[in-house]
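Here is a friendly walk through one model, in questions and answers. Please have a look at it first.

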Amino acid sequence: MNIEDLADKVRALEPAPREQQWSSLTYCVLDAVWSISANYTSVVAPLVRSVAAQHGAPGLPATKTPGVDAADPLPLHAFLSEFPDEQSLIAVTNRQRTSTKGGITKAAAVRQHAEIFLSHGIATLGEAQSALLNPTALQSIDADLRTVPGEGASGIRRGYLWMLIGDDAAIKPDRMVMRWLATNGAGVKNPEEARDVLAQVAQTLQGQYTLWEIDHAIWRARQPSRTRAAK
């Protein structure tokens with residue numbers, strides 16, 4: 001595999017800056033948990049909007065990336081109040097599980113994520129974005145999020161959540177990314193290798209694109225008809 005050739009193929013995808021983002025940390029958590037092994041257009045995006053509508057909050061992503069001072073329409077404490085138990089959330093979402101073998105429901109996993117963030121004093125998207133700038137706090141929160149069932153060995157769900165929150169220095173090496181890399185001769189065997197290869201690509205492109213932009217461009221190439229707004 002030639003990194004420079006792969007970089008040329010990434011450049012041809014025309015990676016672009018993040019234009020839209022979910023306006024609430026709650027929406028980010030819902031997206032990250034439900035996106036694993038679920039269709040984004042038909043399941044994930046409508047589900048996030050259903051939860052938002054239930055609360056009377058706007059479910060559409062922000063037209064621009066919200067900053068740390070932007071109001072969060074559905075803070076995590078309000079979300080847990082609106083959906084006080086697993087079944088109340090299942091009623092407006094679905095019964096998908098984090099794993100087909102002994103996994104918990106995604107509804108339960110979302111509530112666990114919310115409780116972990118709140119235990120660290122984080123209820124809003126802005127507060128979570130501030131945590132990205134604090135390595136000590138980030139490490140502590142991340143370690144606790146890792147305990148939620150369905151995390152997987154490669155931490156794809158957790159990494160994707162931080163991407164949704166605003167981390168532009170991460171990728172989501174899921175099946176879409178792995179298939180694109182395989183199709184283009186990267187020869188990677190696991191998500192860790194995928195992360196390393198794409199980091200090398202970003203370096204070869206001399207910082208022209210962030211890892212988020214590269215990841216998103218690959219995702220669009222693999223699923224051009226999907227809803228892209230908040231990814």
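Q: Which residue does the side chain of Glu 151 meet in a salt bridge?
A: A salt bridge here is a side-chain nitrogen of Lys or Arg within 4 Å of a carboxyl oxygen of Asp or Glu. The side chain of Glu 151 has such a partner at 2.9 Å, N to O. That partner is Arg 158.

Q: Before we go on, what kind of model is this, and how are its residues numbered?
A: Residues are numbered from 1 along each chain as its sequence is written, and side-chain values use heavy atoms, with hydrogens and water left out. Local features need pLDDT of at least 70, side-chain atom pairs count only at pLDDT 80 or more, and totals for chains, interfaces and linings use all residues, for this is a predicted model.

Q: Are Glu 151 and Arg 158 buried or exposed?
A: Buried means under 20% relative accessible area, exposed over 50%, and partly exposed in between (1.4 Å probe, protein chains only). By that rule, Glu 151 and Arg 158 share one label: buried.

Q: Which residues are linked with Glu 151 and Arg 158 in a network of salt bridges?
A: The pair of Glu 151 and Arg 158 belongs to a network of salt bridges. Its other members are Asp 142 and Arg 157.

Q: How many of the residues of H9 are buried?
A: Helices (H or I, at least four residues) and strands (E, at least two) are DSSP runs, numbered from the N terminus. Helix H9 spans 156-165, and its buried residues include Arg 157, Arg 158, Tyr 160 and Trp 162. H9 is largely enclosed by the rest of the structure, because the buried count is 10 of the 10.

Q: Which residue forms an aromatic pair with Trp 162?
A: Rings of Phe, Tyr and Trp (its six-membered ring) pair if their centres lie within 6.5 Å; planes under 30 degrees apart count as stacked, over 60 as edge-to-face and the rest as tilted. A search of the whole structure finds 4 aromatic pairs. In one of them, Trp 162 has a partner at 5.9 Å centre to centre, with 75° between the planes, which is edge-to-face. The partner is Phe 117.

Q: How many residues apart are Phe 117 and Trp 162?
A: Phe 117 is in helix H6 and Trp 162 in helix H9. Both residues, Phe 117 and Trp 162, are buried. The pair links distant parts of the chain, and the separation is 45 residues.

Q: How many residues does the largest nonpolar core have?
A: A nonpolar core is a set of buried Ala, Val, Leu, Ile, Met, Phe, Trp, Tyr and Cys residues joined through side-chain atoms within 4.5 Å. Among the residues with the most contacts inside the largest one are Leu 25, Phe 117 and Leu 161. Helix H2 (residues 25-34) gives the largest share, 8 residues. The size of this core is 50 residues.

Q: Where does Asp 168 lie, and which residue meets its side chain in a salt bridge?
A: Asp 168 lies in the loop between H9 and helix H10 (175-183), while its partner lies in the loop between helix H1 (3-12) and H2, so the pair ties together parts that are 150 residues apart in sequence. Asp 168 is partly exposed at 33% relative accessibility, whereas the partner is buried at 12%. The two side chains meet at 2.7 Å, N to O, and the partner is Arg 18.

Q: Why are Arg 111 and Glu 115 separated by about one helical turn?
A: Arg 111 forms a salt bridge with Glu 115, the closest N and O atoms being 3.6 Å apart. Arg 111 is buried at 13% relative accessible area, while Glu 115 is partly exposed at 41%. The separation of about one turn arises because they both sit in helix H6 (residues 106-119), and their spacing there is 4 residues.

Q: Which residue caps the N-terminal end of H3?
A: Helix H3 (residues 40-55) has 16 residues, and its buried residues include Tyr 40, Val 44 and Leu 47. At its N-terminal end, a side-chain oxygen lies 3.0 Å from the backbone nitrogen of Thr 41. The capping residue is Asn 39.

Methods:
Expected span 1.5 Å × (residues − 1). Contact = heavy atoms within 4.5 Å. Polar contact = N/O pair within 3.5 Å; in protein donor to acceptor, adjacent residues only side chain to side chain.
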